[in-house]
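Student: I have a new structure to read. Could you walk me through its features, step by step?

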Amino acid sequence: MPDILAGLGLAPGIVHWMVLTAALFAVGLYGILTRRSAVGVLMAVELLLNSAALSFVVFNHFRMPALVDGQVMAVFVIAVAAAEVVVGMAVFVALYRVSHTVDLNRLDRLKNDEVKP
Amino acid sequence: MCMLPELIVVATALTVLVADLFLSERRRVVLALLTLVGLAAALAALLAAPAGSLFGGRFSVDEVAIWFKVVFLLASFLTVCLSLDQLDGRVKVRVRGIGLRGEYYAVLLSTLVGAMFLVSARDLVTLYVSLELATIPLFALAAWKRSDAGSQEAGLKYVVMGALASAFLLYGFSLLFGLAGSTDLAAIAAAVRPSPALFLALALVTTGIGFKLTLVPFHMWAGDVYEGAPLPVIAYLSVASKAVGLAVMFQIFYRVLGHMVKDLGPLLAFLAAATMTLGNTVAIVQRSIKRFMAFSAISQAGYIVMGFLGPDAGGVPAMLFYMLAYVAANMAVFGVIIFYANATGRERIEEYRGLARTNPLLALAMMLALFSLAGIPPLSGFVGKFFLFSIASKAGFHWLVAVAAVNSTISLYYYLRIVRQMYIEPVYPEAARLPVTPTLAATVAVTTVASLVLGLVPVFYEVIHNQTIEWLAKLVG
């Protein structure tokens, strides 16, 4: 498929790919800011990390096609993202056990407790 | 063999985890001892091992890395000393839902390993993975009180904010990689030129670092996490986790951007001024001592960042010395906070009233440590601040020095709020002398004496200065 596109002069260049990673990053950021469920936020975090991983692969492909540094980094990012999600989900499950909710709008137990003047 | 200290810590973590399986609940008290022995051995190996590098220069130990590792190891050692009473149940007021001693020490040691690898990393891949290793276990530690909703909420907030910050950092790293075409930090340093893309990468990376170092405006998580997490974990977060942030900042601002760090002065000065001002003004009105320490720690981060200003290489030893002084003073304060919480369960500032009547020595230690944090001579905090302020002044940021001096005065006011409660306010009726466990007493004593001695005896600063003053010049070349 890429060969056909390249033959037609339509192969995506580095700018297209960078726009894609930036768009993924923006979508992830939007998800973090708007999701009410903590699990949804974790999915948005996955988007953010994967956009960065994709960006590593793209740069590797266009800047230094003979080497694999960017691909290696992407593999590590995937592994680290998995670890992050596992710990995050473990915390969410433990939280659900004690407070029966993972709705971020209702988690307001910790807040400023100020001296009244 | 310059990786020996890290290997000892990894081996200790695994040994503790496996030993935890085979020991009965009563015998698990030895796990803390095992951890302490491992940490002491790692510290000895660190001081005995020469500087060097491994894996084709991907892992390298230099003078600055050694001092950072000393800070990490000391902070972890003190954290274990402060944790073991709560975890073993040698307390009057039990902390709800804390337990799983073996896992606790193993997780604590894994974040320490991440921190130690981080300062030796010479590669984006190693840097990122070890930073995550230093961060992710802390999410679990913040939520360690399993049946306590506050601790779980702190864990959740820390996970969400931590993951967001790490994503920003990673995207910034990918841009650096794209600009330089290499993951090697030295190669990136040689390849990058000032360009809009570099500034975007720098902004993203600063966000990630600001989260670890609690720089304003990336400090949002600190208040809530400090309030909910278990006390020994906060002690670790406020000291070691902040040192991790500083280490990443050394890696990026000195190792990668060393030749243009002096042009970033205005940005860093703004971050420093905002951080110390916000931390100090918000700390004034806090009632919970945990939240109070969160904002106190934020303001301290503001002072530390001043060391990056200017063309002067003296910032490197000044920041390292301040970090050491801060470890000593902050751990002494947390020692007394943990002692008081263990004995009475009280965690509000006004509940410290009369502590000087019941436990005069501990109150004295707390007062000295708070004065060191505020920067009163002759304590180490004053000496550290003096060097940092002089760096900023030499770089021409006189307004920042003025802001910092005003901030020190504000901080003295709110640290004195605790001293007033301890020394002036009437004691609780029927209050008696509170018992102190030997480990806690020893920890508080050692850290208090250390924050005095570091300030009085100049030899410590001289050693750090002589070893690290050439470091930046070698790097920038």
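Tutor: Start with burial. This is a predicted model. In chain A, 32% of the 117 residues count as buried.

Student: What share of the 477 residues in chain B is buried?

Tutor: Buried residues make up 61% of chain B. A residue is called buried if 20 or more other C-beta atoms lie within 10 Å of its own.

Student: Next, the overall build. How many helices and strands does chain A have?

Tutor: List the elements in order from the N terminus. Chain A has 4 helices and 0 strands. Its elements run α-α-α-α.

Student: Is chain A spread out or a compact globule?

Tutor: Compare the radius of gyration with the globule rule. For 117 residues the rule gives 13 Å. Chain A has 20 Å, well over that value, so chain A is more spread out than a compact globule. Now look at the box along the principal axes. The C-alpha atoms of chain A fill roughly 70 × 30 × 25 Å.

Student: And how many helices and strands are in chain B?

Tutor: Chain B has 20 helices and 2 strands. Apply the radius test again. A compact globule of 477 residues would have a radius of gyration near 23 Å. Chain B has 21 Å, which agrees. Its C-alpha trace spans about 70 × 55 × 40 Å along the principal axes.

Student: How do I read contacts along the sequence?

Tutor: Ask how far apart the partners sit in the chain. Take the contacts in chain B between residues at least 6 apart in sequence: 80% of them join residues at least 24 apart. For chain A, residues 24 or more positions apart account for 48% of the contacts with a separation of 6 or more.

Student: Now the two chains together. How many residues does each chain give to the contact?

Tutor: Count each side separately. Chain B gives 37 residues and chain A gives 38 residues. Then ask which elements supply them. On the chain B side, helix H5 (124-142), helix H6 (149-180) and helix H9 (220-228) each supply at least two residues. H6(B) has the largest share, with 17 residues.

Student: What classes of residue make up that side of chain B?

Tutor: The side of chain B that touches chain A has 20 nonpolar, 11 polar and 6 charged residues.

Student: Let's move to helix packing. At what angle do helix H10 (residues 231-256) and helix H12 (residues 289-305) of chain B pack?

Tutor: Read the angle and the axis distance together. Here the angle is about 20°, and the axes are 11 Å apart. Angles under 35 degrees count as roughly parallel. H10(B) and H12(B) are therefore roughly parallel to each other. The crossing of H10(B) past H12(B) is right-handed.

Student: Which residues make that contact?

Tutor: From H10(B) come B:Ile234, B:Ser238, B:Lys242 and B:Leu246. From H12(B) come B:Lys290, B:Met293, B:Ala297, B:Ala301 and B:Ile304. By class, the contact of H10(B) with H12(B) has 6 nonpolar, 1 polar and 2 charged residues.

Student: At what angle does H10(B) cross helix H13 (residues 315-344) of chain B?

Tutor: The axes of H10(B) and H13(B) cross at roughly 170° and come within 9 Å. That makes H10(B) roughly antiparallel to H13(B). Among the contact residues are B:Ala235, B:Val239 and B:Ala243 of H10(B), and B:Tyr326, B:Phe334 and B:Ile338 of H13(B). The contact has 15 nonpolar residues, 2 polar and no charged.

Student: Last topic: the backbone. Where are the cis peptide bonds you would show me?

Tutor: Check omega. The bond from B:Val216 to B:Pro217 is cis, with omega near 5°. B:Pro217 is found in the loop between helix H8 (196-213) and H9 of chain B. The bond from B:Pro377 to B:Pro378 is also cis, with omega near 5°. B:Pro378 lies in the loop between helix H15 (360-374) and helix H16 (380-394) of chain B.

Student: And phi? What is the phi of A:His100?

Tutor: Look for positive values outside glycine. A:His100 has a positive phi of about 55° and is not a glycine. A:His100 lies in the segment after helix H4 (69-99) of chain A. A:His100 is exposed, with 10 other C-beta atoms within 10 Å.

Student: Where is B:Phe55, and is B:Phe55 buried or exposed?

Tutor: B:Phe55 sits in the loop between strand E1 (52-54) and strand E2 (59-61) of chain B. Its phi is positive, near 55°. B:Phe55 is exposed, with 11 other C-beta atoms within 10 Å.

Terms used
Residues are numbered from 1 along each chain as its sequence is written. Chains are lettered from A and ligands numbered from 1 in the order in which they are written. This is a predicted model: local features need pLDDT of at least 70, side-chain atom pairs count only at pLDDT 80 or more; totals for chains, interfaces and linings use all residues. Two residues are in contact if their C-beta atoms, placed from the backbone, lie within 7 Å. Ala, Val, Leu, Ile, Met, Phe, Trp, Tyr, Cys and Pro count as nonpolar, Asp, Glu, Lys and Arg as charged, and the others, Gly among them, as polar. A residue is buried if 20 or more other C-beta atoms lie within 10 Å of its own, exposed if 12 or fewer, and partly exposed in between; C-beta atoms are placed from the backbone. Axes are lines fitted to C-alpha atoms, for helices over the stretch in contact, and angles run from 0 to 180 degrees between N-to-C directions. Angles under 35 degrees count as roughly parallel, over 145 as roughly antiparallel, 65 to 115 as roughly perpendicular and the rest as oblique. A crossing is left-handed if the near helix is turned anticlockwise from the far one by less than a right angle, and right-handed if clockwise. The radius of gyration is taken over C-alpha atoms; the globule rule is 2.2 Å times the number of residues to the power 0.38.
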